[in-house]
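Q: I am new to reading protein models, and I would like to take a careful look at a single part of this one. Could you walk me through it slowly?

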Amino acid sequence: MDILAKRSPAILSRRGLFLGAGASLAASAALAEGMRHAAPRPAAAPRSAQAHGAPAVAHAPVKTAVDGSEAALQRLMAGNARYVAGRATHAGADIVRTRQVAASQSPFATILACADSRVAPEVIFDQGLGDLFAVRVAGNVVDDAILASLEYSVIHLGSTLIMVLGHERCGAVKATVDALAGHGSEEDVGTRIGALASLITPAVKAVPPGAADPVDVAVSLNAAHAAAEVFAGSAPLRARILAGQLRIVAARYDLDDGRVTPTRALA
Ligand SMILES: [Zn+2]
């Protein structure tokens, strides 16, 4: 299975329209279901000028933009493969790169990840300074501030790929699962943790009854739901997705083996 194929609806594109229409949780669920079975394509394509450079413009050839998104995803997955294999290069993670990117930035990808201390995008994708626009919040949820950050990375910095990265044993997701089951923590009383949990609640409620590992299912659903929220919530990003200039991928990070698994194709 080639998850990076253009026909993959796991990546929001023209074929991913259904996800944006009301941010369907059913579609999110199906999307998340595929996460466990995806396998990344090993080839690492060179970074294209589109991935490096200026924001895509409306009249840009779609093929060029799509190549940018695909190259970005392949670069991410190649970096994660190096990390998992213990062959990380740590390129660009030094004072030399610090100086190179001091004046400007053109990250090739945007990562919406959990704030969990074990899920550091630059580390697990083996990327350097200036490579990734990393937006991190507990539970990798989408609110106005997060959505604005994602928009900025695409519209002003030229990123052509947004990856929403959920992760195994996510504490924010587990807290939401526990709270909905009536086992909320007393220590959360008076905090804003409930507000965060409310953003994760739709994914938790979509977990099929009897799921063997409801937290892990909710993690995948939550990432897919956030991707759908981005599509539904931002008209400029949605326009770029429909024009083939931007893709959104939901993915799951495995804390045990370090592997990032994007969603597989639905159709
Ligand atoms: Zn987490």
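The request below picks out one helix, and the answer then follows the chain outward from there.

Q: Which residues of helix 8 are buried, and what covers them?

A: Please keep in mind that this is a predicted model, in which the chain has 11 helices and 5 strands. Of its 267 residues, 46% count as buried, and helix 8, which spans residues 171-180, contributes several of them: Ala-172, Val-173, Ala-175, Thr-176 and Val-177 are buried. An α-helix has 3.6 residues a turn, so residues three or four places apart point the same way. The cover over the buried residues of helix 8 includes helix 9, residues 193-205, and helix 10, residues 214-233.

It helps to look at both ends of this helix as well. Before it comes a loop that starts from strand 3 (161-167), and Arg-169 lies in that loop. The phi of Arg-169 is near 55°, which is a positive value in a residue other than glycine. Arg-169 counts as partly exposed because it has 15 C-beta neighbours inside 10 Å, a number that falls between the limits of 12 or fewer for exposed and 20 or more for buried. After helix 8 comes Gly-182, whose phi is also positive, near 85°.

The surroundings can be described through the largest nonpolar core, which has 60 residues, and in which Leu-112, Met-163, Val-164, Leu-165 and Ala-227 have the most contacts. Helix 10, already named as part of the cover over helix 8, gives this core its largest share, 11 residues. If we leave aside neighbours within four places in sequence, Leu-165 is in contact with residues that include Ile-111, Leu-112, Ala-223 and Tyr-253, and also with Asn-140.

Asn-140 deserves a short look of its own, since its place is in the loop between strand 2 (132-136) and helix 7 (144-155). Like Arg-169, which has a positive phi though it is not glycine, Asn-140 has a phi near 40°, again positive in a residue other than glycine. Asn-140, however, counts as buried, because 33 C-beta neighbours lie inside 10 Å of it.

Finally, the chain as a whole offers some context for contacts such as these: among contacts between residues at least 6 apart in sequence, 78% join residues at least 24 apart.

Conventions. Residues numbered from 1 in each chain as written. Predicted model: local features only at pLDDT ≥ 70, side-chain atom pairs only at ≥ 80, totals over all residues. Helix = DSSP H or I, 4+ residues; strand = E, 2+ residues; numbered from the N terminus. Contact = placed C-beta atoms within 7 Å. Core = buried A, V, L, I, M, F, W, Y, C linked by C-beta atoms within 7 Å.
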